[in-house]
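Please walk through the structure shown here, beginning with the protein surface that faces the DNA and then moving into the protein itself.

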There are 2 protein chains.
Amino acid sequence: MIEQGDSCDQTLEIRSGIARAVDYSADGYRQILAFFFAGDFIGLPLCSSHRYSVEAVRGLRFVPHASQRLQTGFPVHDSEPEAIAKAIWQEEKAFIARSLILGRVGVQARVAAFLTYLSQRLELADGMLDFSIPQGDMASYLGTSPETVCRTLRRLRDEGVIAVPSRDRLQILNACQLNVLAEGE
Amino acid sequence: MIEQGDSCDQTLEIRSGIARAVDYSADGYRQILAFFFAGDFIGLPLCSSHRYSVEAVRGLRFVPHASQRLQTGFPVHDSEPEAIAKAIWQEEKAFIARSLILGRVGVQARVAAFLTYLSQRLELADGMLDFSIPQGDMASYLGTSPETVCRTLRRLRDEGVIAVPSRDRLQILNACQLNVLAEGE
DNA sequence: CGGTGGATTGACGATCGTCAACAAACGTGG
DNA sequence: CCACGTTTGTTGACGATCGTCAATCCACCG
């Protein structure tokens with residue numbers, strides 16, 4: 001889709017589904033930097049080459065746009081400058097969001113903050129989320145292990161904060177309590 | 001200096017010293033999101049209000065610039081679009097950097113990655129860093145406690161990877177080993 | 001029906017956050 | 001220059017958390 005290091009000549013606009021931004025460090029370390037959802041633009045050409053790879057998580061539909069580089073002038077041809085600023089802001093917000101989530105101490109706080117964040121992006125109704133993100137991806141995003149993610153979700157389920165009716169559905173039953181947990185107990 | 005939530009009508013250009021970007025969440029949680037150094041622009045007006053506060057860490061000198069909002073058109077009056085793209089990219093890079101550091105498992109790996117990152121920004125010579133960042137700030141940035149930061153730095157010192165000649169100086173003796181530790185042992 | 005990949009659970013040991021005490025550095029006023 | 005209070009750094013001890021390894025279960029697909 002987009003490979004880290006590729007030159008910035010196209011931008012993707014997500015129509016539906018979830019995509020992940022992945023960083024492959026020189027040392028082989030792999031991290032999921034962000035998730036992107038319907039309506040997001042990714043691969044904004046602030047630089048000459050992409051800073052991360054973009055991969056489909058599930059059910060991804062997107063449209064590519066040819067992009068002129070911001071370095072050689074802003075593309076005012078088909079979109080207003082405001083639209084570009086908004087898209088850049090959206091992308092940056094995604095990175096700050098992960099930063100804020102990872103900065104919390106305790107995996108439970110991070111998971112709770114992540115679920116709250118997700119609910120703002122892909123809530124269907126009544127706290128029900130389209131939760132088609134593998135736990136391995138969640139673990140990489142949250143800087144922990146899949147086992148710990150699983151255990152933490154289980155504890156939240158046992159405490160009645162969330163419900164997991166099916167593998168790709170997750171319902172937030174007690175958003176208030178989730179916020180308390182996100183502060184670290 | 002800049003308060004989180006203020007309207008974006010000024011941009012700061014750092015001349016010397018270190019500044020920190022701080023997020024105050026609604027729940028009172030405080031996190032240091034990024035450090036900024038000489039040459040950086042902060043407070044870029046991608047949005048109508050600032051997303052974080054900016055505070056001086058030490059020895060900060062800066063010049064304010066009145067900023068037109070990107071939302072209402074790019075300010076091409078005194079700087080090229082490329083310069084703006086570069087500044088935005090620099091800011092975003094700082095957030096991604098923290099994200100990549102925090103995503104690593106183990107405090108030692110995070111500290112090592114952070115020191116490597118710092119050395120790219122404020123290295124003087126021979127791995128010697130102007131290290132006037134309180135350990136409390138480091139701890140908040142790294143998502144850990146001041147005590148653990150202190151202990152980790154001590155271990156690195158004992159292993160001969162770094163040296164701390166004075167409180168505001170830190171020398172990287174073995175950059176290679178530091179990279180190994182950043183990968184998690 | 002077997003195979004495959006993800007999810008789950010248990011056990012164990014290392015790490016790390018917390019509390020507490022103390023030392024060192026710094027700024028202030030005398 | 002000294003006395004003092006305040007901030008920051010340092011160290012020890014302890015308990016909870018979390019990463020790892022391993023085994024097992026489950027959903028999905030051929």
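The surface near DNA strand D is made up of three nonpolar, seven polar and seven charged residues. In this classification Ala, Val, Leu, Ile, Met, Phe, Trp, Tyr, Cys and Pro are nonpolar, Asp, Glu, Lys and Arg are charged, and the others, Gly among them, are polar. A residue is near a strand if one of its heavy atoms lies within 4 Å of it. This is a predicted model, in which local features need pLDDT of at least 70 and side-chain atom pairs count only at pLDDT 80 or more, while totals for chains, interfaces and linings use all residues. Residues are numbered from 1 along each chain as its sequence is written, chains are lettered from A and ligands numbered from 1 in the order in which they are written, and side-chain values use heavy atoms, with hydrogens and water left out.

Around DNA strand D there are 17 residues, of which A:Val107, A:Thr144, A:Thr148, B:Gln135 and B:Arg154 come nearest. Of the atoms of DNA strand D within 4 Å of the protein, 63% belong to sugar and phosphate. Two side chains of chain B make polar contacts (N or O atoms within 3.5 Å; within protein, one must be able to donate a hydrogen and the other to accept it, and residues adjacent in sequence count only if both atoms are side-chain atoms) with phosphate oxygens of this strand: B:Gln135 at 2.7 Å and B:Arg154 at 2.7 Å. B:Arg151 instead places a polar side-chain atom 3.1 Å from a base nitrogen of DNA strand D. Two or more residues of this surface come from each of helix 4 of chain A, helix 3 (135–142) of chain B and helix 4 of chain B. Helix 4 of chain B gives the most, four residues. Helices (H or I, at least four residues) and strands (E, at least two) are DSSP runs, numbered from the N terminus.

DNA strand C is surrounded by 18 residues, and the closest are A:Gln135, A:Arg154, B:Val107, B:Thr144 and B:Thr148. Here sugar or phosphate makes up 66% of the strand's atoms within 4 Å of the protein, and bases the rest. The side chain of A:Gln135 has an N or O atom 2.6 Å from a phosphate oxygen, whereas B:Val107 uses a backbone N or O atom, 2.4 Å from a phosphate oxygen. A polar side-chain atom of B:Ser145 is 3.5 Å from a phosphate oxygen of the strand. Helix 4 of chain A supplies the largest share of this surface, four residues. By class, the surface has three nonpolar, seven polar and eight charged residues.

Next come the aromatic rings. Over all chains there are 10 aromatic pairs, counted for rings of Phe, Tyr and Trp (its six-membered ring) with centres within 6.5 Å; planes under 30 degrees apart are stacked, over 60 edge-to-face and the rest tilted. A:Tyr52 and A:Phe95 form an edge-to-face pair, 5.7 Å centre to centre with 65° between the planes. A:Tyr52 lies in the loop between strand 3 (41–42) and strand 4 (53–66) and A:Phe95 in helix 1 (residues 81–102) of chain A, so the pair ties together parts that are 43 residues apart in sequence. A:Phe35, A:Phe114 and A:Tyr141 form one aromatic cluster.
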